[in-house]
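Welcome! Let's take a walk through this structure together, one region at a time.

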Amino acid sequence: MTPVCYTKFKSMSKLSRDDVLKLAALSKLRLSDEEVEKLQMELSEILNYVEVLNNVDTADLEPTYQVTGLKNISRADEVKDYGYKTEDLLKNAPVVKDNQFKVKRVL
Amino acid sequence: MEDWAPLARIAEKVRSGELKASDLVEKSLANIESNGEYDALISTMPERARQRAADIDQAPKGRLAGVPFIAKDNFLAFGGKTTAASNILRPFEAPYQSTAIDRLEAEGAICVAKANLDAFAHGSSTENSDWFVTKHPKDKSRVPGGSSGGSAAAVALRLAPFALGTDTGGSIRLPASFCGVVGYKPTYGLVSRSGVIAMASSTDVIGPLARSVEDAALILDVMSGRDELDSTTIDKDEAGYQEISKDIAGKKVGIIKEYMAQGLEPGVESVVRQSIEKLKSAGANIEEVSLPSLPLALAVYYIVCPAEVSSNLSRYDGQRYGYSSGDAANLDQSYELSREQGFGAEAKRRIMVGTHVLSSGYYDAYYKKAQTVRTKIINEFSEAFQQYDFLIGPVTPMTAFKIGAKTADPLQMYLTDIMTVAANMSGNPAISVPAGEAENLPVGLQIIGPMRGDRQLLGFAKGFEALT
């Protein structure tokens with residue numbers, strides 16, 4: 001297993017204003033100045049708290065992503081009718097045109 | 001108000017014609033009406049409930065014939081809106097229904113209302129609901145716990161005989177302990193999550209909040225098992241969950257040492273110690289056991305959960321359903337404004353933390369490290385269950401706290417889950433059973449079972465319930 005770089009880990013616990021803005025952009029969230037300031041503090045505090053894991057010896061252990069051991073549940077590649085109706089699936093859409101979701105132009 | 005009979009008894013009387021489903025629905029709706037001041041519910045669906053009751057009265061059948069129930073508002077349900085208590089889903093009407101509700105309905109149960117929660121189930125008090133705060137049934141200045149706080153309060157107030165909740169880090173057990181009802185978190189994968197709004201998919205489970213362990217076992221029996229709409233589901237126990245042994249005598253029980261040393265409120269500690277004495281008197285072999293990594297589970301959770309939240313909430317983009325900002329000039333702005341205006345503070349906080357711990361350069365140090373510590377927690381549970389049939393401890397260090405007491409500091413709110421999250425990280429089944437009171441507020445005992453040991457755990461919990 002690749003050893004975790006602890007020095008890098010320590011230094012990144014405090015987030016800068018730019019870090020917060022970058023995360024907001026990645027998250028597709030537009031934040032007010034007030035929110036940015038508050039999140040900068042709160043996120044740093046949360047990240048400081050989870051740093052306790054840094055001191056845990058996890059040599060020889062593999063990460064767990066799934067707890068029941070199930071793998072690759074598959075079924076035949078056939079269209080199956082679950083009773084979902086197109087009009088019901090579209091009824092919550094902000095804009096529908098010709099039975100399709102209409103979004104602002106992409107290109 | 002007259003209390004509800006056990007579920008099996010209600011259904012039996014409906015099948016025999018002694019009780020009418022329609023009367024049960026009216027009773028539930030009347031209870032709801034007269035308890036509005038607690039804000040336990042977001043919406044009711046009287047029209048559909050009355051129609052279903054009328055249909056059932058025509059030809060009553062099913063193990064839950066005519067039994068009204070309430071679903072947390074993150075379950076997709078017909079007959080009304082499904083909002084997850086979030087602004088972004090304010091106008092949402094479910095185009096299909098959750099498997100859990102489908103299975104309950106197939107046995108004759110009737111969903112009458114949707115319960116309040118912390119928006120998207122992010123919280124421990126319902127104070128993060130974008131609608132309102134649910135008040136504690138015994139003291140309106142306090143929270144009912146969360147995130148399934150509306151469901152727990154609804155059952156404690158007898159609005160319906162049972163309610164559904166979801167438990168990602170303790171969201172069934174914590175409010176069950178606060179409100180004095182039974183709250184059951186099954187083994188991960190045992191109940192299909194199809195049609196339930198996802199929070200953290202590697203730990204989300206569905207379970208009942210009920211007035212007795214027996215009722216919880218019946219509900220689990222009806223809901224559990226594989227579902228082709230949720231490929232993470234596991235097979236149910238062949239023997240089901242209803243024929244359960246209440247034996248306490250001879251059971252080997254470990255008291256989780258780390259949970260008893262966590263700065264418990266004295267009243268909570270006293271109830272837990274009394275519970276231990278009762279179990280000992282009933283013949284259980286009890287000793288303290290150390291699982292040293294369990295207190296780390298909260299830090300693991302606050303990496304893994306936001307990571308999965310940031311991924312699961314990316315679908316709310318204002319294009320296909322939910323709130324969509326009308327102010328956008330282009331597609332990117334439409335995403336950003338819809339999410340900015342639609343998400344509350346806690347959802348944003350978790351999306352941001354999750355995005356950070358998953359981002360390039362930080363993934364190994366945070367996410368992978370957390371998932372590796374998760375393995376350590378799982379290993380400690382597995383070792384403990386080689387020696388013990390069950391593990392016990394408090395559900396949370398405290399009783400129901402005052403509204404507003406923890407809202408200023410997100411970390412203080414997160415700490416309420418410190419004793420419940422480990423079972424979510426490992427997948428083990430766990431239950432909160434009412435064990436007593438501290439200064440007139442309920443306290444639950446947490447009992448944790450081995451993976452897939454739901455039937456045994458429910459039996460032991462029923463035995464304990466009989467001692468209190």
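**A glycine between two strands**

In this predicted model, a good place to begin is B:Gly183, which stands opposite B:Ser432 in S10(B). B:Gly183 also stands opposite B:Leu209 in S6(B). The strand that holds this glycine is S5(B), residues 182–185, where B:Gly183 and B:Lys185 point one way while B:Val182 and B:Tyr184 point the other, and all are buried. In a regular strand, side chains alternate between the two faces of the sheet.

Now look at the partners of S5(B). With S6(B), residues 205–210, the pairing is antiparallel over two bridges. S10(B), residues 430–438, is joined to S5(B) by three bridges, and these two strands run antiparallel as well.

From here, let's move to the nonpolar interior. The largest nonpolar core has 176 residues, and among those that touch the most other members are B:Phe69, B:Ala154 and B:Val300. H10(B) gives the most to this core, with eleven residues. Leaving aside neighbours within four places in sequence, B:Val300 is in contact with A:Leu53 and with several residues of chain B, including B:Ala370, B:Val373 and B:Ile377.

That brings us to where the chains meet. Here 56 residues of chain B are in contact with 47 residues of chain A. Helices H10, H11, H12, H13 and H14 of chain B each give two or more residues to the side that touches chain A, and H13(B) gives the most, with twelve. The residues on this side of chain B divide into 25 nonpolar, 18 polar and 13 charged.

One of these helices, H11(B), has twelve residues and reaches 16 Å from its first C-alpha to its last, close to the 16 Å expected. Its buried residues include B:Tyr335, B:Leu337 and B:Gly342.

Technical notes:
Residues numbered from 1 in each chain as written. Chains lettered and ligands numbered in written order. Predicted model: local features only at pLDDT ≥ 70, side-chain atom pairs only at ≥ 80, totals over all residues. Contact = placed C-beta atoms within 7 Å. Helix = DSSP H or I, 4+ residues; strand = E, 2+ residues; numbered from the N terminus. Nonpolar A, V, L, I, M, F, W, Y, C, P; charged D, E, K, R; others polar. Expected span 1.5 Å × (residues − 1). Buried ≥ 20, exposed ≤ 12 C-beta atoms within 10 Å, placed from the backbone. Core = buried A, V, L, I, M, F, W, Y, C linked by C-beta atoms within 7 Å. Pairing = 2+ DSSP bridges.
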